[in-house]
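These are my notebook entries on the salt bridges and the nonpolar surface of a predicted model. I began with a buried or exposed check of one charged residue.

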Amino acid sequence: MVLTAVIAGVGPGLGESLARKFAAEGCQVALFARSTDYIEELADDLPESGEGLAVQTDLTDVEQIRDGFDTVREAFGPVDVLVNHASAASWKGLMDVSVEEFEQSWAVNGRGAFVCSQEAVGDMLETGGGTVIFTGATSAMRSLGGAIGFTAAKFAARGMAMDMAQEFGPEGIHVAHVVIDGQID
């Protein structure tokens, strides 16, 4: 059985590494990102044991996310694995960050992951299970100070993962929050 994985938030570094690993394991991999050229090149360059699909998606736009999942279903079928990896950081403290910068962090890390999860879990409930992974950072566990937008958004993602794990674990859907810090080459 060939699994379908969606990596929501693909760029050079961990997003690319995740896509390559899932493809190397034989998965059909959908790459969600705003930058079309990058994900198209990556989709063409994935290991031959898998298959790539570039899906230009602004993860702050609910309709683009839903349309992206429709594109994946048309090409590959239902989603078996979702990796909520997108991140928008505002490295400013409370008094320096604007409302718009704060909301941008939340829109990507919070609302974007929420909508992606709704779409993927809907498929997983119909097919009898799946996996949702949230990539996080130390800021999801404890604040480092001076990055309130990033910290609040990462706490939100961690909370969603915890809640979804409790709600959907009995349905055969594994949900994990994984803390990964540092630059990825």
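Entry 1. I looked up E119 and found a relative accessibility of 16%, so I recorded E119 as buried, the limit being under 20%. I then noted that E63, R66, D70, R73, E119 and D123 are joined into one network by salt bridges that share partners.

Entry 2. I examined the contact between R73 and E119, a salt bridge whose closest N and O atoms lie 2.9 Å apart. This pair links distant parts of the chain, with R73 in helix α3 (residues 62-76) and E119 in helix α4, 46 residues apart. R73 has a relative accessible area of 24%, and I therefore listed R73 as partly exposed.

Entry 3. I searched the whole structure for salt bridges and obtained nine. One of them joins R20 to D45, with 2.7 Å between the closest N and O atoms. Here too distant parts of the chain are linked: R20 belongs to helix α1 (residues 14-24) and D45 to helix α2 (residues 36-45), 25 residues apart. I recorded R20 as partly exposed at 27% relative accessible area, and D45 as partly exposed at 44%.

Entry 4. I also looked up K21, which forms a salt bridge with E25 at 3.1 Å between the closest N and O atoms. Both K21 and E25 are exposed.

Entry 5. Turning to the nonpolar surface, I found a patch formed by L94, M95, F102 and I148, with about 430 Å² of accessible area together. I located F102 in helix α4 (residues 99-127). The relative accessibility of F102 is 32%, so I entered F102 as partly exposed.

Methods:
Residues numbered from 1 in each chain as written. Predicted model: local features only at pLDDT ≥ 70, side-chain atom pairs only at ≥ 80, totals over all residues. Heavy atoms only, no water. Patch = residues over 30% accessible without salt bridge, like charges linked within 9 Å, V, L, I, M, F, W, Y side chains within 5 Å. Areas by Shrake-Rupley, 256 points an atom, 1.4 Å probe, with all protein chains shown as cover. Salt bridge = Lys/Arg side-chain N within 4 Å of Asp/Glu carboxyl O. Helix = DSSP H or I, 4+ residues; strand = E, 2+ residues; numbered from the N terminus. Buried < 20%, exposed > 50% of the residue type's maximum accessible area, 1.4 Å probe, protein only.
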